[in-house]
Amino acid sequence: MTKPSLPELLHAAVAAVGGTERPGQVTMAESVAEAIDDGSHLLVQAGTGTGKSLGYLVPALAHGERVVVATATLALQRQLVQRDLPRTVESLHPLLRRRPEFAMLKGRSNYLCLHRLHEGVPQEEEDGLFDVFESATPSSKLGKDLLRMRDWADETETGDRDALSPGVSDRAWAQVSVSSRECLGASRCAYGAECFAEAARERAKLADVVITNHALLAIDALEGAPVLPSHEVLIVDEAHELVSRVTGAATGELTPGSVNRAVRRAAKLVNEKAADALQTAAEGFERLMELALPGRLEEVPEDLGYALMALRDASRTVITALGNTRDKSVQDEDAVRKQALASIENVHAVAERIVEGSEYDVIWYERHDRFGASLRVAPLSVSGLLREKLFTDRSVILTSATLRLGGDFNGVAASLGLPREGTAAASGEDGDAEPAPQWKGVDVGSPFDYPRQGILYVAQHLSQPGRDGGRGDMLDELAELVEAAGGRTLGLFSSMRGARAAAENLRGRLDLPVLLQGEETLGELIRAFAEDDRTCLFGTLSLWQGVDVPGPSCQLVVMDRIPFPRPDDPLMSARQKAVEENGGNGFMAVAATHAALLMAQGAGRLVRATGDRGVVAVLDPRLARARYGSFLRASMPDFWYTTDRNQVRRSLAAIDAAARAEER
């Protein structure tokens, strides 16, 4: 039997999911197949509606090597595992004459821990409770959730938190889960043979396709021992999120609360001298943190340095002592010891990292109204890490609807540690360094006719946004646009303060429902927004990327201002400064690229289906006037562009009238 062609396989898969084959999807599949065959790397931009998951799954399954697919969101993981993969595998089986296996793998804390479920949470001095199941009243929300999870444990096959419906709070889940550091290990745990996390790892080892998330991919790159099974192909979907997820995984944090928890957990397990030294160091750190002001620490102040060295040294002593002392009064000592060790090791690692003061790290204080001050340390850049760990010994496919910023892929490529596209492979000055990974960028377009389906309107006449936030003319403009659209508005704001002010203002002047992020769960807000065409939904970051509402409910997307990072953002400003010190344009490489990515994602909320029509309105005149405006506009869908306020009101009124007529 002759080997089936890629077009045959793609046709069968698209038919199986009830989709329509699109030229962009075919181009994508061919490009992915070529990269896998060559062992090369590919950045592929595939617009909304392209069908990009089949565009990479079909060639990957046809190739026959093990593939890992990493996504940023739970929604896409669910779509792949529950819909796309089962149907694709079934449709390709007669043609491939084999049935590829697939499995999902997440971090250990995403799975129910049977040891913690049955033995309880190790005791802490702050609450004096050993078994939270017994202490939580059955009528309380926590108690009900815990009892429900106990019943669920007997039914679930995976123990995956995301399979629990309805979900539970982080506090409730923390009672029945452990981190990888807290885990006793299957060989030492009484429930090791039944462990859900271990079962997931075993399934992944046997699977042809492993679906995971960016966080686990980051941990796999950062940890010494591999977390993911060996694989020949890595596909990163929602790749525009990868750098921020890897940065998050590589960020360390110390707070007085976390240090004090570590002290309490270790106190009963070590000798009095070691415990007292750790307690004294913790108190010294807490006193300093009470005075901490938010902002970057270019150099670690002397008093903070001494406090951190005391914490580091006391933690090291406790870590050593934990291995020697046994306390017969402590129940389930192995679990208690493991939890204490995990907490102390984190304190030691972060304190030591800050004391050592690498030039490649950024250190800063943050202060939260509710949780107080924290000390954080993050890598100045993760590009070197990604270049070394991601693009070695495997073909890597990175895909998203927004990778081509300002007209090319080079901005995103640089953040991933890749050279400019087409740059010849080069080794380091000593000739011994690895050559730069070679890659190709492909934009397969979109099935949507953006110039006919959407308008990009920039309110050029408005005043420029200032740091004080008071923009009366912007609020007037917003109200007029929303009224012309008859509601149907997704408002994307650069700050929660701006979203709240706009919601309060419009609620007082328009007879239209205005929903505000934070007043209900995000899922409930999006559902309500989709169900009522007159409704508006206002919010910040998660709405810029997380809303998929096709049809007449979303016909106006408003951005209050260009979403540059805050000037006082320690990590972004440090990265910008580093680019400038190396002779580059820090503003364009960091701030403008950050804004371009968000604006591309935000504008992508408007057209989600071939019948969608509407307006993206940017209420920031800099998009029309500033030199960088053309770079930002080139990163957004190719909508018809105007600065004519009267024209856009007429267009919105016409779109609203057409939607009302269709409803009737």
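How many bridges pair strand 8 with strand 9, and in which sense do the two strands run, parallel or antiparallel? I will start there, with the reminder that what we have is a predicted model. Strand 8, residues 361-368, and strand 9, residues 372-379, are paired over eight bridges, and the sense is antiparallel. To pick out one position, Val362 has Ala378 of strand 9 as its bridge partner. Packed on the sheet is helix 13, residues 272-290, which touches strand 6, strand 8 and strand 9. The direction of helix 13 makes about 100° with that of strand 9.

Now the sheet as a whole. It is an open sheet of four strands, with antiparallel pairing, and the order is 6-9-8-7. At the edges are strand 6, residues 252-254, and strand 7, residues 295-296. Each of these has a single partner strand, so one side of each has no neighbour in the sheet.

Next, the other sheet on my list. Here seven strands make an open sheet with parallel pairing, in the order 14-15-13-16-17-12-18. Its edge strands are strand 14, at 514-516, and strand 18, at 640-642, and each of them pairs on one side only. On average, neighbouring strands in this sheet are turned by 15° against each other, ignoring direction.

Inside this sheet, strand 13, residues 489-492, runs parallel to strand 15, residues 536-539, and four bridges join them. Leu492 has its bridge partner in strand 15, namely Gly539. Helix 24, residues 586-603, lies across strand 13, strand 16 at 556-559 and strand 17 at 614-618. Relative to strand 16, helix 24 runs at about 160°.

That brings me to helix 27, residues 645-663. With 19 residues at 1.5 Å a residue, helix 27 should span 27 Å, and its end C-alpha atoms are indeed 27 Å apart. At its start, a side-chain oxygen of Asp644 comes to within 3.0 Å of the backbone nitrogen of Asn646.

Which residues of helix 27 are buried? They are Val648, Arg649, Ser651, Leu652, Ile655, Asp656 and Ala659. Viewed down the helix axis, the buried residues fall within an arc of 165°, so they line one face of helix 27. The general background is that an α-helix has 3.6 residues a turn, so residues three or four places apart point the same way. And what covers those buried residues? The cover includes strand 12 at 454-458, helix 19 at 472-485, strand 16 and strand 17. Strand 16 and strand 17 are also among the strands that helix 24 lies across.

Last, two residues from helix 4, which covers residues 74-96. One is Thr88. Is Thr88 buried or exposed? Its relative accessible area is 0%, so Thr88 is buried. The side chain of Thr88 reaches the backbone oxygen of Asp84, at 2.5 Å. Setting aside neighbours within four places in sequence, Thr88 is in contact with Ala13, Leu54, Val58 and Leu61.

The other residue in helix 4 is Leu76. Its relative accessibility is 10%, and because buried means under 20%, Leu76 counts as buried. What does Leu76 touch, not counting residues up to four places away in sequence? The contacts are Thr71, Asp237 and Glu238. Asp237 is 161 residues from Leu76 along the chain, yet their C-alpha atoms are separated by 8.8 Å.

Key. Residues numbered from 1 in each chain as written. Predicted model: local features only at pLDDT ≥ 70, side-chain atom pairs only at ≥ 80, totals over all residues. Heavy atoms only, no water. Pairing = 2+ DSSP bridges. Axes fitted to C-alpha atoms, helices over the stretch in contact; angles between N-to-C directions. Contact = heavy atoms within 4.5 Å. Expected span 1.5 Å × (residues − 1). Buried < 20%, exposed > 50% of the residue type's maximum accessible area, 1.4 Å probe, protein only. Arc of directions from axis to C-beta. Polar contact = N/O pair within 3.5 Å; in protein donor to acceptor, adjacent residues only side chain to side chain.
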